[in-house]
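I opened a notebook page for this chain and wrote down what I looked up, entry by entry.

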Amino acid sequence: MEYTGHGLQITLDELRHILEYAENRVKYDNMEPCVYIKPGDHPRIIQYCCYAECNPIDHTYGAR
């Protein structure tokens, strides 16, 4: 995953991994069953918790 002139570039394998991880967090950690894509120079894929007391997951944390 890396930021390019066209936006955030994610291989299909990486995207599958993100989706599998997000679905797992829905099943076991009370995360929302959706992700939010925040635009900008460094777009982010965020998954929020159903409750206010836990932190969101930034699925683009390791992007170059």
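**Entry 1: strand pairing.** I began with E3 and strand E4, residues 44–47, which pair in the antiparallel sense over three bridges. The model I am reading is a predicted one. Within this pairing I found isoleucine 37 opposite isoleucine 45 in E4. I then looked at the whole sheet: three strands form an open sheet, in the order E3-E4-E5, with antiparallel pairing. E3 and strand E5 (57–58) are at the edges and have a single partner strand each, so one side of each lacks a neighbour in the sheet.

**Entry 2: the helix and the sheet.** Where does H1 lie? I noted that H1 lies across E4 and E5 and runs at about 20° to E4.

**Entry 3: the chain as a whole.** I listed the secondary structure as one helix and five strands. Read from the N terminus, the order of the elements is β-β-α-β-β-β. Taken along the principal axes, the box filled by the C-alpha atoms is roughly 35 × 25 × 15 Å. The chain has 64 residues, and 23% of them are buried. I also wrote down the exposed area, about 4900 Å², with 52% of it supplied by carbon and sulfur atoms. Among contacts with a separation of 6 or more, 34% are between residues 24 or more positions apart.

**Entry 4: salt bridges.** How many salt bridges does a search of the whole structure find? The search finds three. I took them one by one.

- Arginine 16 and aspartate 13 meet through their side chains at 2.8 Å, N to O. They are three residues apart in helix H1, which means a separation of about one helical turn. Arginine 16 is partly exposed, with a relative accessible area of 45%, whereas aspartate 13 counts as exposed at 59%.
- Arginine 25 and aspartate 29 form a salt bridge at 2.3 Å, N to O. Both lie in helix H1, four residues apart, about one turn of the helix. I checked the cover on each: arginine 25 has 16% relative accessibility and so counts as buried, the cut-off being under 20%. Aspartate 29, at 35%, counts as partly exposed.
- Arginine 44 and aspartate 58 form a salt bridge at 3.1 Å, N to O. This pair links distant parts of the chain, with arginine 44 in strand E4 and aspartate 58 in strand E5, 14 residues apart. Arginine 44 is partly exposed at 36% relative accessibility. Aspartate 58 is also partly exposed, with a relative accessible area of 24%.

**Entry 5: glutamate 32.** I looked up one more charged residue. Glutamate 32 sits in the loop between helix H1 (12–29) and strand E3 (36–38). Is glutamate 32 buried or exposed? Glutamate 32 is buried, yet it has no salt bridge. I searched for the nearest side chain of opposite charge and got lysine 38, which is 11 Å away. A salt bridge needs the nitrogen within 4 Å of a carboxyl oxygen. Next I asked which residues glutamate 32 touches, not counting those up to four places away in sequence. The list is Val26, Gln47, Tyr48, Cys49 and Cys50.

Key:
Residues numbered from 1 in each chain as written. Predicted model: local features only at pLDDT ≥ 70, side-chain atom pairs only at ≥ 80, totals over all residues. Heavy atoms only, no water. Helix = DSSP H or I, 4+ residues; strand = E, 2+ residues; numbered from the N terminus. Buried < 20%, exposed > 50% of the residue type's maximum accessible area, 1.4 Å probe, protein only. Lys, Arg positive; Asp, Glu negative; His and termini not counted. Contact = heavy atoms within 4.5 Å. Pairing = 2+ DSSP bridges. Axes fitted to C-alpha atoms, helices over the stretch in contact; angles between N-to-C directions. Areas by Shrake-Rupley, 256 points an atom, 1.4 Å probe, with all protein chains shown as cover.
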